[in-house]
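Student: I'd like to learn how to read a model like this one, feature by feature. Can you walk me through it?

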Amino acid sequence: MVTMLVGETANFVAYMFAPAVLVAPLGALSIIVSAVLAHFMLNEKLQRVGVLGCVLCIVGSTVIILHAPEERSPSSVEQIWRLATQPTFLCYAALAVAVSLFLMLYCAPRYGQANIMVYVGICSVIGSLTVMSIKAVGIAIKLTIQGENQAGYFQTWLFVTVSAICLVIQLVYLNKALDTFNTALVSPIYYAMFTTLTILASGIMFKDWSGQSASVIASETCGFLTVLVGIVVLHSTKEPDQALSGDLYTPLPPKIYWHIQGNGDIGKQKEDDSLTRDFITVVRQDYFV
């Protein structure tokens with residue numbers, strides 16, 4: 001828990017100094033570290049295909065770093081507020097809120113337990129707004145440390161409130177997704193949707209791609225797709241959790257004892273039938289741990 005808090009704090013600080021287009025895709029590196037540590041500490045075998053997935057993530061991340069745009073740090077919270085209230089971003093925020101409410105109020109009660117895209121979609125859409133508000137709060141803290149106090153602006157506390165609300169919603173529905181579906185399925189889908197929407201929201205609000213050539217933007221896109229493929233390949237090598245198999249919760253059929261008769265024929269008897277000496281019992285071991 002302590003190391004997780006340290007990592008999330010460092011991730012928060014990263015948004016103060018780098019654009020979300022750079023920070024969000026690099027979150028894949030934590031998945032690589034987790035896979036490597038699990039191999040040595042938890043005896044979870046990292047197969048050759050998994051190693052290939054790690055290599056793809058590293059290559060894609062390197063491409064993103066080399067072509068990432070420079071950070072354009074606003075000089076005050078008021079300037080961030082003007083970016084947040086521009087018509088294009090207001091349209092994105094309104095659409096994100098509308099989609100989230102539709103998924104939470106209509107789709108989640110009806111299809112949440114059957115369709116993975118419902119819970120993951122809520123996490124991803126709300127998560128993009130979380131990152132934008134957290135980035136605004138981070139910049140406000142950085143400016144305050146530098147001597148320009150931003151605590152007196154109401155926009156600062158509005159961004160803090162939005163960050164807290166979005167973060168709680170995001171965590172609640174992410175936990176629901178992880179409780180309902182396999183982690184190996186949730187992680188790549190969530191990473192793809194969350195990162196894509198975060199890059200889109202940051203590009204709209206902070207205009208990260210402004211001034212970049214088409215070739216540079218294409219290189220960043222290829223790097224992100226490479227990371228995405230690496231994540232999918234890495235998670236595809238995970239073994240399914242047998243403890244969650246639905247077959248274990250089905251009622252056991254009546255026991256049937258197969259036996260070899262004296263003439264070589266194979267016969268069977270139910271548990272309540274009389275048994276002869278010359279029988280061989282066959283037990284389904286997959287019902288036992």
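Student: Let's start with Thr-198: is it buried or exposed?

Tutor: This is a predicted model, so keep in mind that we're reading computed values. The general idea is to look at relative accessible area, where anything under 20% counts as buried. Thr-198 comes out at 0%, so it is buried. You'll find Thr-198 in helix α9, which covers residues 183–205.

Student: Which residues is Thr-198 in contact with, leaving aside its neighbours within four places in sequence?

Tutor: Ala-20, Ala-24, Gly-127, Ser-128, Val-131 and Met-132.

Student: And what lies 2.7 Å from a polar atom of the side chain of Thr-198?

Tutor: The backbone oxygen of Phe-194.

Student: Okay, on to helix ends and sequence separation. Where is Arg-48, and is it buried or exposed?

Tutor: Arg-48 sits in helix α4, residues 48–67. With the exposed class starting over 50%, Arg-48 counts as exposed because its relative accessibility is 78%. Now compare sequence with space: Arg-48 and Leu-234 are 186 residues apart along the chain, yet their C-alpha atoms are 9.6 Å apart.

Student: What about Val-233, is that buried or exposed?

Tutor: Val-233 has a relative accessible area of 18%, so it is buried. Val-233 belongs to helix α10, residues 214–236. Setting aside residues up to four places away in sequence, Val-233 touches Val-49 and Gly-53. You can also pair Val-233 with Leu-56: 177 residues separate them in sequence, and 9.0 Å separates them C-alpha to C-alpha.

Student: How do I read that kind of thing for the whole chain?

Tutor: Take the contacts between residues at least 6 apart in sequence, and ask what share of them joins residues at least 24 apart; in this protein chain that share is 75%. For burial, 38% of the 289 residues count as buried.

Student: How many helices and strands are there?

Tutor: Ten helices and two strands. In sequence order the pattern reads α-α-α-α-α-α-α-α-α-α-β-β.

Student: Now empty space. What's the general idea?

Tutor: Rolling a probe the size of a water molecule over the atoms shows where empty space is left. Here, the second largest pocket has a volume of about 360 Å³.

Student: Which residues lie nearest the centre of the second largest pocket?

Tutor: The lining has 21 residues, and Phe-89, Ala-93, Leu-129, Val-162 and Cys-166 lie nearest the centre. By class, the lining splits into 18 nonpolar, three polar and no charged residues. Helices α5, α6, α7 and α8 each supply at least two lining residues, and α6 gives the largest share, seven residues.

Student: How many cavities of 30 Å³ or more are there?

Tutor: One, with a volume of about 30 Å³. Glu-70, Glu-71, Arg-72, Lys-135, Phe-206 and Asp-208 line this cavity. Its lining by class is one nonpolar, no polar and five charged residues, so put that next to the pocket, with its 18 nonpolar, three polar and no charged.

Student: Last one: how many disulfides does the structure hold?

Tutor: A disulfide is a covalent bond between the sulfur atoms of two cysteines. This structure holds zero. You can still read cysteines by exposure: Cys-166 is buried at 8% relative accessible area, whereas Cys-222 is partly exposed at 48%.

Technical notes: Residues numbered from 1 in each chain as written. Predicted model: local features only at pLDDT ≥ 70, side-chain atom pairs only at ≥ 80, totals over all residues. Heavy atoms only, no water. Disulfide = S-S within 2.5 Å. Buried < 20%, exposed > 50% of the residue type's maximum accessible area, 1.4 Å probe, protein only. Helix = DSSP H or I, 4+ residues; strand = E, 2+ residues; numbered from the N terminus. Contact = heavy atoms within 4.5 Å. 1 Å grid on protein atoms, 1.4 Å probe; cavity = no way out; pocket = protein on both sides within 12 Å on 5 of 7 lines; lining within 4 Å. Points joined across faces, edges and corners; volume = space filled by probe spheres on them. Polar contact = N/O pair within 3.5 Å; in protein donor to acceptor, adjacent residues only side chain to side chain.
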